[in-house]
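Here are my notes on the model, set out as numbered points. Please read them with the structure open.

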4 protein chains.
Amino acid sequence: MAAPVHETTLRVRYAETDQMGVVYHSNFFIWFEVGRVELLRALGFSYHDMEKLDDSHIVVAEAKCSYKKPARYDDLLRIRARILQVRRRTIRFGYEVIRDSSGQLLATGETLHVICNRSGRPRSLPEKYVNVFSATLRGSTPRYGDSP
Amino acid sequence: MAAPVHETTLRVRYAETDQMGVVYHSNFFIWFEVGRVELLRALGFSYHDMEKLDDSHIVVAEAKCSYKKPARYDDLLRIRARILQVRRRTIRFGYEVIRDSSGQLLATGETLHVICNRSGRPRSLPEKYVNVFSATLRGSTPRYGDSP
Amino acid sequence: MAAPVHETTLRVRYAETDQMGVVYHSNFFIWFEVGRVELLRALGFSYHDMEKLDDSHIVVAEAKCSYKKPARYDDLLRIRARILQVRRRTIRFGYEVIRDSSGQLLATGETLHVICNRSGRPRSLPEKYVNVFSATLRGSTPRYGDSP
Amino acid sequence: MAAPVHETTLRVRYAETDQMGVVYHSNFFIWFEVGRVELLRALGFSYHDMEKLDDSHIVVAEAKCSYKKPARYDDLLRIRARILQVRRRTIRFGYEVIRDSSGQLLATGETLHVICNRSGRPRSLPEKYVNVFSATLRGSTPRYGDSP
């Protein structure tokens with residue numbers, strides 16, 4: 001059973017296009033980050049607090065994207081993000097970018113992250129995150145702080 | 001025998017850093033593009049002309065990056081680019097990002113491109129490019145227009 | 001009587017921060033563009049169609065921003081945009097950036113644009129835009145296509 | 001007598017273009033920053049050290065740009081930067097962007113900065129910077145550490 005997916009919408013900015021008339025490819029990684037952060041928020045976490053209060057930075061170790069169709073200026077996009085794997089010190093996310101008007105899949109991607117403290121040294125992901133993240137992998141849609 | 005590598009240097013801009021105090025990861029893909037374009041120039045081609053005169057756009061179909069060490073503000077970087085594979089309608093590039101002062105490898109990456117015309121339709125790569133690109137795979141360091 | 005203001009909200013992206021821990025200043029100009037486009041949409045126009053169907057590109061001729069307080073990662077911002085002046089071939093917009101949680105004014109700005117065709121040559125703004133844009137300056141909140 | 005100008009060259013990246021086929025306007029502010037940092041370096045200062053060792057961040061308080069001609073992909077540009085004014089807590093820089101191949105002036109701009117410590121609080125610019133910066137305003141071309 002696949003992990004629940006969180007969906008965020010955003011609109012393509014003019015600044016994100018290039019002279020081919022489509023979105024420049026590196027912007028998809030910025031959108032992945034937007035989707036990742038909103039997935040965390042939907043799970044009851046703020047990435048801001050994760051960094052500031054829990055000294056847990058999810059540093060990108062690997063990133064990849066497969067481009068199917070171009071995204072265009074002013075497109076309304078749906079960024080679908082989910083957790084693919086949780087380990088003590090790493091976490092893997094998967095993404096899909098969909099054009100809202102047509103339902104077309106524009107791109108898929110993955111990022112692998114290492115949990116680091118503010119000095120950039122690897123550390124274990126605090127328990128409360130592990131619990132909620134792992135629950136999503138079993139197909140449930142938990143939210144931190146919910147009573148069980 | 002590995003394809004010859006072209007090396008470009010660039011300096012990390014303040015705008016490329018994020019609040020972790022290191023370079024935001026999507027910028028590496030922009031640097032890959034800088035390396036790719038300078039590799040083409042070293043082979044005797046201008047990507048500007050490739051688009052305008054030969055209607056051959058090398059559209060990104062896949063991109064990936066593996067991050068080893070953070071790049072930091074004002075670092076002088078060496079972007080090493082080479083051709084990994086040439087087919088009639090696709091071309092694959094490989095990259096390494098190295099901190100010049102220490103020689104440390106910061107990241108490696110690959111991009112796969114589909115050759116498209118200005119309407120975004122796939123087309124064959126013109127002969128002159130295929131010849132020079134393929135020669136690099138045999139370990140020679142050709143330059144378009146050189147007498148054989 | 002001041003022109004009606006259109007308000008758009010957006011959330012600060014991690015990619016928009018720099019190593020000072022605040023938003024890098026050039027991003028405010030990208031947000032101004034987001035506000036400008038949404039103001040046009042609220043007036044009944046799509047900037048996409050303005051370019052494609054009416055061959056009217058609003059090219060930036062001058063841009064300025066005055067920064068009062070830093071914007072920070074994950075801040076929810078309100079971008080307030082309005083038209084300040086409409087002439088046959090130019091249009092001036094004004095902006096305010098406000099942190100939603102505190103109501104604090106973070107920045108103010110202005111952009112002056114020249115209307116150009118797709119080749120970049122100045123042209124007159126089509127009548128339908130002039131009418132609606134000018135009406136905002138008289139304090140009304142028109143929408144293109146509304147019956148009078 | 002005008003302050004000496006420092007000139008840096010850079011090449012327009014594909015990522016910096018937009019679907020108008022020219023450089024997106026906010027990138028000029030990033031180039032101004034490149035020019036500013038290289039001007040500092042030419043005066044004997046590293047902005048990296050200015051932040052880390054002297055706790056002096058030159059935070060942007062105002063930025064403006066006037067666009068004359070579009071910059072295009074692969075253009076080699078000359079960014080000319082100079083100091084316009086030095087006060088105890090503020091410093092003003094001026095910029096010109098020139099297309100190298102034609103000598104055409106593409107844009108002019110100015111930025112006003114407030115000197116802040118790492119917490120973002122205004123502070124006085126350390127003496128050694130004031131001395132060298134002020135000397136440029138008298139038309140000399142000093143370098144920090146030079147014997148007088």
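**Notes on the predicted model**

1. Start with Lys68(A). Lys68(A) has 12 C-beta neighbours inside 10 Å, so it counts as exposed. The cut-off for that class is 12 or fewer. Keep in mind throughout that this is a predicted model.

2. Where does Lys68(A) lie? Lys68(A) is in the loop that joins β2 to β3 (76–86) of chain A. Setting aside neighbours within four places in sequence, Lys68(A) has contacts with Leu105(A), Leu106(A) and Ala107(A). For one of these, Ala107(A), the C-alpha atom is 5.3 Å from that of Lys68(A), although 39 residues separate the two along the chain.

3. Now the fold of chain A. Chain A has three helices and five strands. In sequence order the pattern is β-α-α-β-β-β-β-α. One strand thus precedes two helices, four strands come next, and a helix ends the series.

4. Overall dimensions of chain A. The C-alpha trace spans about 45 × 35 × 20 Å along its principal axes. The radius of gyration is 16 Å, in agreement with the value near 15 Å for a compact globule of 148 residues. Of those 148 residues, 42% count as buried. Taking contacts in chain A with a separation of 6 or more, 68% join residues 24 or more positions apart.

5. Next, the relation of chains A and B. A turn of 180° with a shift of 0.0 Å along the axis lays chain A on chain B, with an RMSD of 0.0 Å. That is the relation of a two-fold axis. Which residue of chain A comes closest to the rotation axis? Lys64(A) does, with its C-alpha at 2.0 Å.

6. The contact between A and B. Chain A brings 16 residues to the contact, and chain B brings 16 residues. In chain A, α1 (27–42) and β2 (57–67) each supply at least two residues of the side that touches chain B. β2(A) gives the most, with nine residues. By class, this side of chain A has nine nonpolar, five polar and two charged residues. The copies meet through the same surface, because 100% of the interface residues of chain A are also interface residues in chain B.

7. Strand pairing across the A and B contact. β2(A) pairs with β2 (residues 57–67) of chain B. The sense is antiparallel, and the pairing runs over five bridges. Which residue of β2(B) is the bridge partner of Ser66(A)? The partner is Glu62(B).

8. Chains B and C also touch. Nine residues of chain C are in contact with nine residues of chain B. On the chain C side, the classes are four nonpolar, four polar and one charged.

9. Last, helix α3 of chain B, residues 127–137. Its buried residues are Tyr129(B), Val132(B), Phe133(B) and Thr136(B). Seen down the axis of α3(B), these fall within an arc of 95°, so they line one face of the helix. The spacing rule is familiar: an α-helix has 3.6 residues a turn, so residues three or four places apart point the same way. What do the buried residues of α3(B) pack against? They pack against β3 (76–86) and β4 (90–99) of chain B. After α3(B) comes Gly139(B), with a positive phi near 95°.

Technical notes:
Residues are numbered from 1 along each chain as its sequence is written. Chains are lettered from A and ligands numbered from 1 in the order in which they are written. This is a predicted model: local features need pLDDT of at least 70, side-chain atom pairs count only at pLDDT 80 or more; totals for chains, interfaces and linings use all residues. The radius of gyration is taken over C-alpha atoms; the globule rule is 2.2 Å times the number of residues to the power 0.38. A residue is buried if 20 or more other C-beta atoms lie within 10 Å of its own, exposed if 12 or fewer, and partly exposed in between; C-beta atoms are placed from the backbone. Two residues are in contact if their C-beta atoms, placed from the backbone, lie within 7 Å. Ala, Val, Leu, Ile, Met, Phe, Trp, Tyr, Cys and Pro count as nonpolar, Asp, Glu, Lys and Arg as charged, and the others, Gly among them, as polar. Copies are superposed by least squares on the C-alpha atoms of residues with pLDDT of at least 70 in both. Two strands pair if DSSP finds at least two bridges between them. The arc is that of the directions from the helix axis to the C-beta atoms.
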